[in-house]
Every structure is written in structure tokens, then in C-alpha cells.
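Here is a short tour of the inside of a protein model, with stops at its cores, its cavities and a few unusual backbone spots. Please keep the viewer open as you read.

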Amino acid sequence: MVAVINVPDKVSLDGLEEKWSAAWEERGVYRFDDSVPAEAIYSIDTPPPTVSGSLHIGHVFSYAHADIIARYQRMQGREVFYPVGWDDNGVPTERRVQNYFSVRCDPSLNYEPNLIPDTESKELRPVSRANFIELCEQLTQLDEQVYELLWRRIGLSVDWSLTYTTVGTRSRQVSQAAFLDLLEKGEIYQSSSPTLWDVDFQTAVAQAELEDRPVAGKYHRIRFGLPDGGELEIETSRPELLPACVGLVVHPDDRRYQSLIGKEALTPLFGAPVKVIAHPLADPEKGTGAAMVCTFGDLTDVTWWREGQLPLRVIMGRDGRLLENIVFGSEEFPSVNPERANGFYAEIARRRSVAARERIAELLTESGDLLGTPTAVQHAVKFYEKGDRPLEVVASRQWFLRLLPHRDAFLARGKELEWLPSHMQVRYENWVSGLNADWNLSRQRFFGIPIPLWYPVDQGGDIDYERPIVPRREDLPVDPLSQAPGGFDEGQRGVPGGFVADPDVMDTWATSSLSPQLAGGWLDNPSRYAKVFPMDLRPQGQEIIRTWLFYTMVRSELGFNDLPFKRALISGFVLDPDRKKMSKSKGNVVTPMPLVERFGADALRYWAAGGRPGVDTAADEGQMKIGRRLAIKIANATKFVLGTLDRTGSTGTPAVVHPVDAGFLMVLDEALRDATVKLDRNDYTGALETIEQCFWEFCDDYLELVKVRAYGDPVGTDLPLVSFSEDGRASALATLRSASELLLRALAPYQPFVTEEAWSWFHQDSIHRNAWPQPGEGPRALGLSVSADEPEEPNYASIEVFRAAQSVLAEVRKVKSEHKVSPKAPVDKLVVSAPVDRLKAIGDALSDLSAAGVIREVELSEVDDATTIGVEIGQG
């Protein structure tokens, strides 16, 4: 039964977000109950967005999809484990702090208490590592508050008490424990080897963080000398790396060069002897078919160097400049003419790549070793996805996690996962199959999770990297740069017989990939973790399949021997009005808060719900306006229904006796069954389309048909066909009440604010803790039966009465519109010719039809073929 009805005089959407987000938090509506059994839990592993500025509409788009599913599962009786996290860790955070506070980190400086940075300064002030980390924490906390405000305004039904970050104490403990577990298993190893390096961010970069960008360059044809006086020509876009040349490579089947394989050539200018090797990756069709191998120009050079067992000659520094102290004639840099070679190298030392390239080309021209004019080309060059300059390959000591030996296992796990949509699985498989390196876990930054290791220093002062000092699990988390390992004190740091700290932090994905463990409580709440892991759902964007999704699969497989989640819901991209992908670099990103202010959160969620998994969707304000119109109609329709119930002083009888009422309840039940099936398949878009269509049928057709009967108002004597009983009126009231409640509950996952507001007008509890409409619930509650043979199928005979009345009323409206008369204008005569079943259905609805259409006379005639409807409208 309906509780006390308390409808406001004026219905408004203004202020609903603030009102209800505060009420939900105060009442703990979305608080997760740890005590429930595992089988009653639905767990969601939400992406922790990078806290480095502001969220954009793409975040709202994908997070709204997950929230619709969370709300549906909660209403289906599941206890929803739905935390949110913030990714404070990473290069973007450090860059933002650097720009915001006008500072740069200098680890050699001492900590300065009560540091107040000058944010207006145009020069970057050097600060200590401890001060820099403090500023990072300060700014990320401010950003997190802004992010949380947006999520609350959007209506995410998360449990805010479960919020985690990727840099906090718990994250450090989890990340370091997982690192040490894999180190113990032999899955993590350290190596001094070629590493992709960003010269601006001054850090190593992993394969998953790369992107190819077209760059204008030039191919230089260069002549190498052969011992017999002959020549071998190669083409290269990076002649500045000629001093680092360690070999020439040709395809083993290229007949032009087969006689040279295994022999030596001399580099121009520098006179270094280099071996000619064969390798299948050499392309006979590219340039001359021969290429120089430098340590290192790109990742292909690394492959040729490693497999050809060539020497190492490093000339590129981590700052992007050619090293200064290179000596030709040494063991590392042999030369047949050291004095000449050193003179040439002095011309390019300490120059950046582009400047060195120009100068070496001039020197090659002067020596006669540059053949012809360099050819302009556009070629793909590897960049760090957040960087501005091409990556270099430098030699450095890094930590790696083994990927290549486990490729088959990762592919097998990908097949176990349910992909929404299914074609996204191919993107994952292509990425895994294309892996060519292990995961570089370490980063040369300051604000991150420290590598939890120290290294002993022998009596000669050499660091022993082969025997790292490992902390005890109970001592985690640790900061090796500020803490001494067990058995040592600070006075032994950096001295013979003492220790040194590993200076690096982990890749941000090394922590984000543990989001199920961070959120679920792997270390601090193992009983809860056992219930929620593996997670039921991973919602995310398609652009991070190769990073967040893949890395989470990796950590779960190698660390926990399981899938991290059962299904992955992959969102499409959000496009601008010109249907171009939004990105900060293009300057076409839309921020969501102004849209919330203009249209309301429910309208924004409605737009988002129209984006099917994996389908790119435009940020369409037209759809947001439609969503706002829907929210307003929900409020107004509920107010009308409650006003009718309140006005009549009755909540109706528990039984429905009128065929139009029964018909609409069956239509509604059919729609809700269909929506349930779709939502069970995570088809939130299709479910909304079904629910919304039925809602508008309720407002535009059913309400109009029963309005007079529900009010019980007398109708003019010129409508002799209109006659209603008290039972008929009670039947309409009961149906209005039931349909309103069912539709509000069905729309609640999509438009949570207006549905909660409307529900509160006649209920004390939250709609979001009420049950999702169950099959047959509406009809059965009001005394209607469904088919005994097929209890899950609605009674289509009843549906036909409502459908017949609906079609006749539509025709009446159409004719009135064509005649440009008021909808309340009387119809002199309605003529219907139809088969007998159709006529009976119309006859059962005749009183409601006559009242709704203001029809004075009806003529029904039986025919065998299709229904025809005639409407006669008088002049007065």
C-alpha cells in the first residue's frame, strides 16, 4: 500500500544532486556489507583515474555504464562491492606538481620544513625529494576532492569508505609485497640493458606506453669502406649515431651481399671496424638492402645487437645529448685513425640529436662519404605516450617482469574472459602476440612506490647488485632512500661494508594492475578479499586494454594463478560534435561539470546510457536535452498519479477488473521482462530503450485513456458511451499506483536522482535499495494471472485490449492534428471496420476511448481483412 503522499507544490530538478548524494551518504545506502556470503556479492573493479588535473566527459561516459550495472545488480538483491580509486602515481602527477608549484626535484637538497612555493615564479625552484613528495601529496588531495565532487554529482553508487589511492600506505604495502613475491618466484629480474628512455621525463618507458607518431626526416646514403678497397652503401635517417655503429646487417638471402657476410667494413669518419652480419629482419627492398646497427637507434638495433652478439658502444646520454668523454682508439671505441676520429667526434659531442645529425651530414659531405642529396621522408617514430620528443635507447639498470615466457598463458586467460563487446578480445590478443620485450617495471622518478630493496657495498666500495637486501614482509612498506635495512644503520649508507638503496620507483601500472588486491583487501582484509576476488566486472576504456587490463591479467596470472575478473566491459571513445575523438592535445575535450549544471546529472547519464559497449559516441547535447525531458516527465507523471490518488482519497483496491488496466499491466510486464534479460547480458542501452518506450506509452496513452475513469469526474451528457463503475475507478487507481512504482524502479539505475525524489513523495526508504521489478510482479499483485502452461509469458489477450485502444486513440489524435483543432475537441463519429477479435478488444475499451478522445458516437463493423478507422469531426 502507498504510504502518506507528500508531493511538493512545484516539481523541479534543481538541487537534486546535492540533496540526494548527501542523503545517500548519510544513510549509507551504498555501504558494502562485509558479512554477506560470497555468492550474494557482485564486485566491480573500477578504473582509478589519473589525478592530474580535471576529469573529462569520457570518464563520465564509461563510469556511468558501470554504475548502471551496479545499481541493477543491487536491486536484484546482490550486495555490490563497488569502490573507487585515485591513481596519484605517475609522470603526469609529477609534471602537474612541477608546473603548478614552479618547482623541480633535486634529491641532493635537504628537507625544508614549512616550504611555501612561489606558484607565480616562471623559474623552477629546486626542492628536496621529501618536499617534492609533500607537494605531490598536497596537490593530489586537492584534485581528489574535485574528482569526488564530480562523481557524487553524477550519482555513482560507490561506497566512499572503500576509496583507495595508488600511492598511500596500503598501496605501498600491497605493491611491494607483490613485487617481492614475484622476485622470490624468479618472475622479476634486474638487468643492465638497452632501455627506451624519455629525455624530458628522464625515465625509462615500457612497451605498453609507446605510441608511433609520424615525423619528418631524411634518408642519408652513406659509403662504408671494405678491406679490399670496395664499398658498401647503406641508408639511414640517423647519421649522428655513426660513432655508435657496431655492425652492418643484410638479409641472408640477398645475393648482393652474401659474399660479404662475416667480413668487416670501416665506418666513414671514425674508421671503426664493424662486422657484416645476416639477419631475417633486414629488408632487401628498403634503401640499399643494407643497414647499419648502432647501439642504439631503435628496438630493431637492439635485436640485431643481441642476436648478432655485437659489441656495445654507447654515445647517447640520458639527457638526449651525445656523450662527451668518448675516446676513439680505446678498447671500447676502436679506430684505424684515432686522432682523425676524435677530431670528428669533438664536432658533435654534447649536441642534441637533431643538431648532431646536421653537423655529421656536413662532415660526411666534406669527406665525400655522403652520396647524393638526403631524401625527405615521413616515417613512424616511437614516443612515450605522454612525451614530446622521440625516445632514445640508452643502456641502464632496470627491473623487469617476465612476459615473453608466459605469452601462451596470457592468451589462454584472454579466452576465458567474457568480452563486452566480443571483438575487443582481438585487440588484447594482438597486443599479447606482438610483445617483444619483458615489462620494464622501474622508473626514474620521485613520487611513486619505491623498489623495496637495498644492495650491499663491498669493502672496495663496489655495489653488489646480484645480492639485493630484501625487507621482511612485516616491515612493509619501506622507503629504502630514507630507511636503513635490517642489521644496518644510516651511518653505513653509501660506505664500504654498508649499503645503498635502490633509487627507483615502480611503474604506475605496477600498482594500478593490483587494483583488485588494493580494493579487495588482499593483505588487510583477507576474508573480504576471498569473497570479492575474482571481480565480476572490469569496466574500462579500449585505449587501456594494452596497459591496465593486460597488466592486471599479468599480475593475476603470475601472482594469484587466476583471472582478475570474469568479464570486461569496454567503452567506446567519446567524440566531439565533428565526430573526432576527444583528446587534450587536440583541445576538443569537454569537461562534464558545466553540462551537469545545464542539464542535470540524470540527463548526462541518459546520454551515456545510449553508448553501447565498444561503440564510439558523440557528446550530443541534443541527447542530453532528451534525457532532461525524460527526467522532468518522470517527476510530472508521478506527481499526476499521486495527485489522483490523493484527490480521490483512495489507494485503490488490490484487484484490477478493467481490461485496459490489465492490458497495460501486461504490456509493462512484457517490457520489464525484456529489459531484465538485456540487463542480465549487460545490454544497458537496449534495456533503457525498452523501458523508456513503455514509460512514454504509460504517459502518452495509458494515463490519457484512464484519466477520466480514475478521477471519477462526470462527463458531459453528449458522450453517452462513457460510463464508469466504482470498481472500474478503483481498478484504474490500483494500476496507476502499481505501474508508477514499477517504472520508477526500472528507471532508477539510469536516472537515480529524479527517481529517488519521486519515490520519496510516497515512500520512506530509498528506491535504490528496493527490488528490481520481477516477472509477473505487477499483474500478480493486482489479482491477474499469467498463463498456467507458460508462467513466464504474459497474457496477450489482455495486451490486445490496450493495444487496440492505443491505436484508435493515435488515429483520433492524428486527425485532430490534421484539422488543427484542440485535442479536447469532440469527435462527432468514430467508424471502425475490423476483424471480430479486434472489434471485441476495441469494445472492451470503448468507455475509456470515448472519454479520452471526446467521442460522441461510435460505429463498429466486422470485416475479414485489416482494420480501418474513420474519424468525423464537426465544426463546433
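Helices (H or I, at least four residues) and strands (E, at least two) are DSSP runs, numbered from the N terminus. With that in hand, Lys 820 can be placed in the loop between helix 23 (796–818) and strand 27 (829–834). This is a predicted model, in which local features need pLDDT of at least 70 and side-chain atom pairs count only at pLDDT 80 or more, while totals for chains, interfaces and linings use all residues. Residues are numbered from 1 along each chain as its sequence is written, and side-chain values use heavy atoms, with hydrogens and water left out.

**Unusual backbone spots**

- Lys 820 has a positive phi of about 55 degrees although it is not a glycine. Its relative accessible area is 78%, so Lys 820 is exposed (exposed means over 50% relative accessible area, buried under 20%, and partly exposed in between, with a 1.4 Å probe and protein chains only).
- Leu 269 also has a positive phi, near 70 degrees, and is a residue other than glycine. The loop between strand 12 (264–266) and strand 13 (273–278) holds Leu 269, which is buried because its relative accessible area is 2%.
- Leu 420 and Pro 421 are joined by a cis peptide bond with omega about 0 degrees. Pro 421 sits in the loop between strand 17 (418–420) and helix 10 (424–433).
- Another cis peptide bond runs from Phe 533 to Pro 534, with omega near -5 degrees. Look for Pro 534 in the loop between helix 13 (526–532) and strand 23 (535–541).

**Nonpolar cores**

- A nonpolar core is a set of buried Ala, Val, Leu, Ile, Met, Phe, Trp, Tyr and Cys residues joined through side-chain atoms within 4.5 Å. The largest one has 129 residues, and Trp 151, Phe 695, Phe 698 and Tyr 750 have the most contacts inside it.
- Helix 19 (residues 684–711) supplies the largest share of this core, 14 residues.
- Apart from this core lies another, of 66 residues, including Ala 177, Met 535, Ile 545 and Val 554.
- Contact means heavy atoms within 4.5 Å. Leaving aside neighbours within four places in sequence, Tyr 750 is in contact with residues that include Ile 68, Asp 602, Arg 605 and Leu 679.

**A buried aspartate**

- Asp 661 belongs to helix 18 (residues 659–680). Its relative accessibility is 0%, so Asp 661 counts as buried.
- The side chains of Asp 661 and Ser 731 share a polar contact of 2.6 Å (a pair of N or O atoms within 3.5 Å; within protein, one must be able to donate a hydrogen and the other to accept it, and residues adjacent in sequence count only if both atoms are side-chain atoms).
- A polar atom of the Asp 661 side chain also lies 3.3 Å from the backbone nitrogen of Ala 732.
- Not counting residues up to four places away in sequence, Asp 661 touches several others, among them Tyr 702, Arg 709 and Thr 735.
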